[in-house]
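Me: Could you walk me through this structure, one question at a time? I'd like short reasoning each time, ending on the name or value I asked for.

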Amino acid sequence: PRNHRLPRRWTPAIAAGLAQQRVVPEVMAIAKKELARATGSKDPRQIWSALSEAKTNLELAQGIESSLKGEIDISNLMAGTEEMTQKIKDERKRANELFDKEVDNNRMPSAISWKGKEEGSLLAQIKSAYQATFASEEILKVHLRSSDFAERWESWWDKATLYSAYFGYVKVAIAAKQKTGDCRVFIKFFRRQRKSDGSWTPLQVDETVGSYLIRKENV
């Protein structure tokens with residue numbers, strides 16, 4: 001941890017003593033705490049996060065032990081490191097299995113009935129805008145998640161100039177096969193801008209608000 005960096009004026013003996021008395025016990029305690037947090041969770045993301053912290057702190061303690069060999073014996077402080085290392089591997093495997101089950105259960109969000117005009121044309125615009133932005137991806141399915149456009153005025157400053165424009169937004173779920181071969185569902189907003197003559201610009205990809213992996217057969 002950053003708060004354990006040692007000033008250069010400290011002698012090796014003082015630094016070694018501090019490592020023995022404070023640094024190693026503290027980082028080992030953190031490693032054990034994070035490993036326990038991983039063990040008690042069923043969320044693969046939380047498990048991975050906790051294991052990362054546990055591994056980082058355990059490796060820090062092991063590095064200090066290695067650097068102190070021949071000077072100070074801290075083997076008593078390092079008790080259980082082999083078991084902890086194996087537990088980290090076991091928990092990572094469990095997290096991977098939980099994540100695989102999660103992906104197996106993922107499905108495409110249902111479509112919301114469109115109350116606006118020209119749904120077919122709208123879907124074609126969405127696909128075209130997506131493909132223009134993500135040319136390497138194959139669109140598998142598109143579902144509208146809005147019943148109509150949400151419209152609003154927006155204003156922003158650019159240096160000393162204030163701009164205002166009227167935008168329309170539609171929320172969409174898109175399943176796409178990526179370059180890696182993975183299939184992923186993206187929840188995105190597409191946006192269009194009203195022009196001065198009252199017509200609208202073509203739709204453009206605006207913002208991604210979520211995504212998750214999905215099996216192709218479950219799209």
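Reply: Happy to! A definition helps to begin with: a salt bridge here is a side-chain nitrogen of Lys or Arg within 4 Å of a carboxyl oxygen of Asp or Glu. Please keep in mind that this is a predicted model.

Me: Thanks. What is the N to O distance where the side chains of arginine 94 and glutamate 91 meet?
Reply: Arginine 94 and glutamate 91 are three residues apart in helix 3, so about one helical turn separates them. Their side chains meet in a salt bridge. The N to O distance is 2.7 Å.

Me: Is glutamate 91 buried or exposed?
Reply: The cut-off to hold in mind is that buried means under 20% relative accessible area. Its partner arginine 94 has 23% and is partly exposed. Glutamate 91 has a relative accessible area of 5%, so glutamate 91 is buried.

Me: Which residues are joined into one network by salt bridges that share partners?
Reply: One pair to start from is arginine 45 and aspartate 43, whose side chains meet in a salt bridge at 3.6 Å, N to O. Arginine 45 is partly exposed at 44% relative accessibility, and aspartate 43 is partly exposed too, with 28%. Through shared partners, the network joins Asp43, Arg45 and Glu102.

Me: Good. What separates glutamate 26 and arginine 22 along helix 1?
Reply: The side chains of these two meet in a salt bridge, at 3.3 Å from N to O. Glutamate 26 is partly exposed, with a relative accessible area of 31%, and arginine 22 is partly exposed at 42%. Because they are four residues apart in helix 1, the separation is about one helical turn.

Me: How many salt bridges does the structure hold?
Reply: We have met some of them already, including the pair of arginine 94 and glutamate 91 and the pair of glutamate 26 and arginine 22. For the structure, the count of salt bridges is eleven.

Me: Let's move inside. Which helix gives the most to the largest nonpolar core?
Reply: In soluble globular proteins, nonpolar side chains tend to be buried together. The largest nonpolar core in this model has 23 residues, and Val24 and Met28 have the most contacts inside it. Helix 1 (12–39), helix 2 (44–68) and helix 3 (81–105) each supply at least two of its residues. With ten residues, the one that gives the most is helix 1.

Me: Which residues does valine 24 touch, not counting those up to four places away in sequence?
Reply: Valine 24 is one of the residues with the most contacts inside the largest core. Leaving out residues up to four places away, its contacts are Ala19, Ala61, Ile64, Ile74, Leu77 and Met78.

Me: How many residues are in the second, separate core?
Reply: This core includes Trp114, Phe149, Val170 and Phe190. Two of these names, Trp114 and Phe149, also appear in the lining of the largest pocket. The size of the second core is 16 residues.

Me: Which helix gives the most to the lining of the largest pocket?
Reply: The pocket holds about 220 Å³ of space. By class, its lining has four nonpolar, four polar and four charged residues. Among the lining residues are Ser121, Leu122 and Gln125. Giving the most, with three residues, is helix 4 (residues 119–133).

Me: Which residues does serine 41 touch, beyond those up to four places away in sequence?
Reply: Serine 41 lies in the loop between helix 1 and helix 2. Its relative accessible area is 7%, so serine 41 is buried. Outside its sequence neighbours, it touches Gln46, Ile47 and Arg94.

Me: What separates the C-alpha atoms of histidine 143 and aspartate 104?
Reply: Histidine 143 sits in strand 1 (residues 138–144) and is buried, with a relative accessible area of 19%. Beyond its neighbours within four places, histidine 143 is in contact with residues including Met108, Pro109 and Val172. Aspartate 104 is 39 residues away along the chain, and the C-alpha separation is 20 Å.

Me: And to finish, how many Å apart in space are glycine 17 and isoleucine 72, C-alpha to C-alpha?
Reply: Glycine 17 is in helix 1, and glycine 17 is buried at 14% relative accessible area. In sequence, glycine 17 and isoleucine 72 are 55 residues apart. In space, C-alpha to C-alpha, the distance is 8.4 Å.

Definitions and conventions. Residues numbered from 1 in each chain as written. Predicted model: local features only at pLDDT ≥ 70, side-chain atom pairs only at ≥ 80, totals over all residues. Heavy atoms only, no water. Core = buried A, V, L, I, M, F, W, Y, C linked by side-chain atoms within 4.5 Å. Buried < 20%, exposed > 50% of the residue type's maximum accessible area, 1.4 Å probe, protein only. Contact = heavy atoms within 4.5 Å. 1 Å grid on protein atoms, 1.4 Å probe; cavity = no way out; pocket = protein on both sides within 12 Å on 5 of 7 lines; lining within 4 Å. Points joined across faces, edges and corners; volume = space filled by probe spheres on them. Nonpolar A, V, L, I, M, F, W, Y, C, P; charged D, E, K, R; others polar.
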